[in-house]
Each structure stands twice: as structure tokens, then as C-alpha cells.
Amino acid sequence: YSFERLFDGCSNITNIGKIINARPNNMDTMFNYCNKLRYLPEFVNLNLSDMNNWINANFNNMFSNCYSLREIPEDFLKQLYGAMTRASYTLFSGGFYNCYVLDEIRGLNPKTGNITSNAFYSTFDYCYRLKDVIFAT
């Protein structure tokens, strides 16, 4: 099922809670404009196996315009990258755009191989408090 724009524009939401047994095939702009969301929901039994089967699966702008978002859990990023395919290399494109108070991102793991686009286009634009971006080894 597509999670594309699932919470897009939910500007007053502060807490989502748990998302249990989700099996999305697309997470594009899922949290876009969740202006007051400080922390991501807990994903319990998240299954991203369908991301490889869906030609348009991506994570573009997934966290863009989350002005109050404080952190992206490293284990969540690992799950996303495990599902990343060539079609979804644009995860980083606008990924954290306008995340004004995001302090640190740990575990970014761009896949190796032939990337033919600017995978980091506008990824960290307007992340004013971002002090560290730590890539996975």
C-alpha cells in the first residue's frame, strides 16, 4: 500500500504513536509539512519488501518541511536503506529540506553503484541546527 503523502500537510500533529505491521510500497512525502512533529512514530514490524517490487517506490521529500523534527532514528534509516533500490536512489533528494531544528543525522548510507542523478539535491537545505551528518561505513 502506498504511504505517499500519508501525513502530508498535517501541520498541527505533534505525535503519531506507533505504526504496526505496515507494508508500504511508497513513502514519498509521507511526513511533508508535519510542522509540529518532533519525533517520528515507532514503526513496529515495518516490512519494506514491497519497495523493491514497485517501479515508482521512493522516499523523496519524506521529512521535508518538518520544522520541529529533532531526530531521525538510525535504525529507521537502516530499514529504509535496506529497501532502497535503483528506483529509490532519490531518498536524499529534499529528504530533510526545511528541518530547522534537526540536530544530527546518523547512519546515512548511500548505496554504491551507478547513481545518475544528484542524490543529495536540496537534502539539507535550511537545516539550521544540523551539526553532524554521520555516514554509515
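Mentor: Buried means under 20% relative accessible area. Keep that cut-off in mind as we go through this predicted model.

Trainee: Thanks! Is L102 buried or exposed, then?

Mentor: L102 has a relative accessibility of 0%, so it counts as buried.

Trainee: And where is L102 found?

Mentor: Look in the loop between α1 (74-83) and β4 (104-108).

Trainee: Which residues does L102 touch there?

Mentor: Leaving out residues up to four places away in sequence, L102 touches L69, R70, E71, I72, F96, R129 and L130. You can also look at Y126: its C-alpha is 10.0 Å from that of L102, and the two are 24 residues apart in sequence.

Trainee: I72 was in that list. What is the bridge partner of I72 in β4?

Mentor: That partner is I105. β3 and β4 pair over two bridges, in the parallel sense.

Trainee: How do strands of a sheet pair, in general?

Mentor: They pair through backbone hydrogen bonds, and the pairing can be parallel or antiparallel.

Trainee: OK, and what is the order of the three strands in the open sheet here?

Mentor: The order is β3-β4-β5, with parallel pairing. β3 (71-72) and β5 are at the edges and have a single partner strand each, so each has one side without a neighbour in the sheet.

Trainee: Let's switch to the core. Which residues of the largest nonpolar core touch the most other members?

Mentor: They are M27, F31, F63 and F76, out of 32 residues in that core. At least two core residues come from each of α1 and β4, and α1 gives the largest share, with four.

Trainee: What is F76 in contact with?

Mentor: Not counting neighbours within four places in sequence, F76 contacts M27, L40, F43, L46, M62 and F63.

Trainee: I see a lot of Phe there! Which residues form the aromatic cluster?

Mentor: One cluster is formed by F7, F31, F43, F63, F76, F96 and F124.

Trainee: How many aromatic pairs does the count come to?

Mentor: The count comes to eleven aromatic pairs. Take F7 and F31: their ring centres are 5.7 Å apart and the planes are at 5°, so this pair is stacked. F7 is in the segment before β1 (18-20), while F31 is in the loop between β1 and β2 (42-44), so the pair ties together parts 24 residues apart in sequence. Both F7 and F31 are buried.

Trainee: What about the rings of Y33 and Y67?

Mentor: Those rings have centres 6.5 Å apart and planes at 90°, so the pair is edge-to-face. Y33 sits in the loop between β1 and β2 and Y67 in the loop between β2 and β3, so parts 34 residues apart in sequence are tied together. Y33 is partly exposed at 38% relative accessibility, and Y67 is partly exposed at 25%.

Trainee: New topic: where does S122 lie?

Mentor: S122 lies in the loop between β4 and β5 (132-135). Its relative accessible area is 18%, so S122 is buried.

Trainee: Which side chain does the side chain of S122 make a polar contact with?

Mentor: With that of D125, at 3.3 Å. Apart from neighbours within four places in sequence, S122 is in contact with G94 and Y97.

Trainee: Last one: is G82 buried or exposed?

Mentor: G82 is exposed, with a relative accessible area of 60%. You will find G82 in helix α1. Its C-alpha is 9.7 Å from that of M51, and the two residues are 31 apart along the chain.

Note on methods
Residues are numbered from 1 along each chain as its sequence is written. This is a predicted model: local features need pLDDT of at least 70, side-chain atom pairs count only at pLDDT 80 or more; totals for chains, interfaces and linings use all residues. Side-chain values use heavy atoms; hydrogens and water are left out. Buried means under 20% relative accessible area, exposed over 50%, partly exposed in between (1.4 Å probe, protein chains only). Contact means heavy atoms within 4.5 Å. A polar contact is a pair of N or O atoms within 3.5 Å; within protein, one must be able to donate a hydrogen and the other to accept it, and residues adjacent in sequence count only if both atoms are side-chain atoms. Two strands pair if DSSP finds at least two bridges between them. A nonpolar core is a set of buried Ala, Val, Leu, Ile, Met, Phe, Trp, Tyr and Cys residues joined through side-chain atoms within 4.5 Å. Rings of Phe, Tyr and Trp (its six-membered ring) pair if their centres lie within 6.5 Å; planes under 30 degrees apart count as stacked, over 60 as edge-to-face and the rest as tilted.
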